[in-house]
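Trainee: Could we go through this model together, beginning with its overall make-up and then turning to how its parts pack?

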Amino acid sequence: MPAARPKKESHSTTPPSDCQNNEPRRAEGRSRQSCDACRSRKVRCARENSDDPKQSCKHCITLGVPCTYEYQPKKRGPPNLYLRRLQEAAAAAAKLPEPAADSELSVSPVSTSQSVVSPSLGPKSPFSETPINTSPTMSIPSIAISPSRYPIAADSFHAHYSSTNDNTISSPPFTNDLSHSPKAEENSAFPGSDSFNTYPLYNWSYKQHHSPSTIPPLSYYYRPHRLEEIAPRDTIYLIIALFFDFVYPLTPCVHKPSFMADLHARREERDPLFFALVMSTVASTLVQVPRSYLPMERPVVHKLAQTCHEASRHISVASYDPPTSMHVVIRYFDCVYHFCEGHDATQHAAFGEAAHIAVTLRMHEEASYDGLDPIECEVRRRIFWLLFGADKSMSILLGRPICLRDEDCSVHFPKELDDEYITPSAYLPQPHGKTALVSGLNYTSRIFALLGEILVRIRVDKRSPPQGQFATARLEEVQSLHQRILGALSLAPEPLRLKPVLSHSHLPPEYGGAGFRKATFDEVKDFFDNPNASRANALNPFLVMQANLYVTQQLVRFVIEQYRDELLLSLQGSLDDQKMAEDREAVASELLNILHSIPIQSIATNGPSLVHKVRFVASTLLDAVKKAEIAPASAARAHAYLWDFLSILSEIERNYLLDDDRDGTSSGDGMPMIG
């Protein structure tokens, strides 16, 4: 820099003690520098008389700015923190009694019965004010730490964070040393840390890679587990047996032979995801099987179901990539669990995860099944069609958008084979005359496909109502769908066919009223409460599937007839109220006839899902009741059917509740006591 040499010369020729000549020399040195304005613009300072310190340069005069010389060159390089630390450490050491320091530093660092004090760990160290815990579980450095060492969090141990609960799964063992707060570390461990603010990134790598936290990483949970960590193995086996006896006919989304073989081989101790599958299966079974089936109190069942679900969730959220069909099955079971527990928002979230993982695996496209082994193919087809049906149920019962549209799906229905005839390498023939359990899922899926078709038309027409000939064409489509739903079960195999029922116009008096209601309540009470009652009907999978099939058929029939009447109203301008009331009563009495024809044990085994379907249809009878002045006889019959529906269903639903506080919400004498 041009001003450097004159400065050196002036300092070398002028004694430091010469006060009289010191000020002129400083002015001379400053006059040879550029003014502040020229320095900031990086131009040569143009001053005519360099000896006159008050004269402004030409540039400042031209610009009309003050011509100043306030700039002072800064010393290069970082501050001497090393020297500062030495001075601080020396001052602290001077305050310590010398005999105590010598005696403590001479103690062997391996001993866990005596304390170790170093200059940076001592109770009066400038870098730590926290007392030292000398329990055997601590990690104590083997040598004294030098006073010049950069202070880090390990130099000050916070004893009040060292305790962990070994009985909980949420606290990994490695959180003992890193569980203190970074704010407390800065405030208590480094009282003089303001002096280090010159380096804002000091100790940055430690703070980034050792962030103090009590929340373990997801990888901590994704590890092998034993069933005994949750419940005795015999208890898990009992619940799995109940799953295959009562739940599996309606949700055959696992391959029983391979699942049981893996369970007996303790695959869960090697494969965390299989452990999650077992836990989700157990949780969903506990909330679907009648409580009297389990030799446990309801609070114990409720707690076990919650524990199993949480154990599955901890593992499955850490293993999304790559997705597998097992993820879809787990999330479907989670959806069922939350549905039965009344967790509506969580149920929808679990279903959304299951549906989107299925779409990611392209389960809706038949071409994606090429190259897969038979077991994987059938598991994928079954779980996809279960999701397809659940999607349509939520769409009609809850008014939700359709997630899986029929026109987007090219996947075939599952092969009608029992699990023992599906091997990893081939499909074996089903014995002649033996109906496969999966046939119930196939017929239910066909009915839900018809429901999907009518729902798409309803929602398209709601956005843009058809007019004229377009409305007529739509009415023909709806009438065609109505004929298809009435004949949907005409070709069902014999075990799935309902026994002949009487026409609704020839219902005997005992089908309704107090006598029928009392007899049905007695059957329900005996089924749920009497441990010696016969459960043969509940163990008959085809009777259980009959209830689901025919109730779902009547639900879809009712939706189609409702929309048919709306189209007729738009075309004709009016409807025959008498005819419409009779149609509604026909659906209701047909549904009641179905419920009476199927053993109440088989109906109860379907659980809350069937209850919701029947309640949806039964609630529409209120419209017929409101029209009492138009058709009083029809309204009276519909009103009686409504009371019978809701009272019986509420009693069945009550027996699935695992929460004692929610018990007793129905009465056999009439309307359910539900707010």
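The exchange below moves from the whole chain to its cores and then to one pair of helices.

Trainee: How many helices and strands does the protein have?

Mentor: Bear in mind that this is a predicted model. Of the 675 residues in the protein, 44% are buried. As for secondary structure, the count is zero strands and 25 helices.

Trainee: Which helix gives the most to the largest nonpolar core?

Mentor: That core has 127 residues, and V278, V328 and I652 are those with the most contacts inside it. The helix that gives the most, with 14 residues, spans residues 541-572 and is helix 20.

Trainee: Which residues is V328 in contact with, leaving aside its neighbours within four places in sequence?

Mentor: V328 is one of the residues with the most contacts inside the largest nonpolar core. Once those sequence neighbours are set aside, its partners are A354, I357, A358, L361, M363, I383 and L387.

Trainee: Is helix 12 roughly parallel or roughly antiparallel to helix 13?

Mentor: The axes of helix 12 (residues 272-286) and helix 13 (residues 298-316) come within 8 Å and cross at roughly 150 degrees. Because angles over 145 degrees count as roughly antiparallel, helix 12 is, relative to helix 13, roughly antiparallel.

Trainee: How many charged residues are in the contact of helix 12 with helix 13?

Mentor: On the helix 12 side the contact includes L273, F275 and M279, and on the helix 13 side it includes L304, C308 and H309. Sorted by class, the contact has 14 nonpolar residues and three polar ones, while the number of charged residues is zero.

Notes:
Residues are numbered from 1 along each chain as its sequence is written. This is a predicted model: local features need pLDDT of at least 70, side-chain atom pairs count only at pLDDT 80 or more; totals for chains, interfaces and linings use all residues. Side-chain values use heavy atoms; hydrogens and water are left out. A nonpolar core is a set of buried Ala, Val, Leu, Ile, Met, Phe, Trp, Tyr and Cys residues joined through side-chain atoms within 4.5 Å. Buried means under 20% relative accessible area, exposed over 50%, partly exposed in between (1.4 Å probe, protein chains only). Helices (H or I, at least four residues) and strands (E, at least two) are DSSP runs, numbered from the N terminus. Contact means heavy atoms within 4.5 Å. Axes are lines fitted to C-alpha atoms, for helices over the stretch in contact, and angles run from 0 to 180 degrees between N-to-C directions. Angles under 35 degrees count as roughly parallel, over 145 as roughly antiparallel, 65 to 115 as roughly perpendicular and the rest as oblique. Ala, Val, Leu, Ile, Met, Phe, Trp, Tyr, Cys and Pro count as nonpolar, Asp, Glu, Lys and Arg as charged, and the others, Gly among them, as polar.
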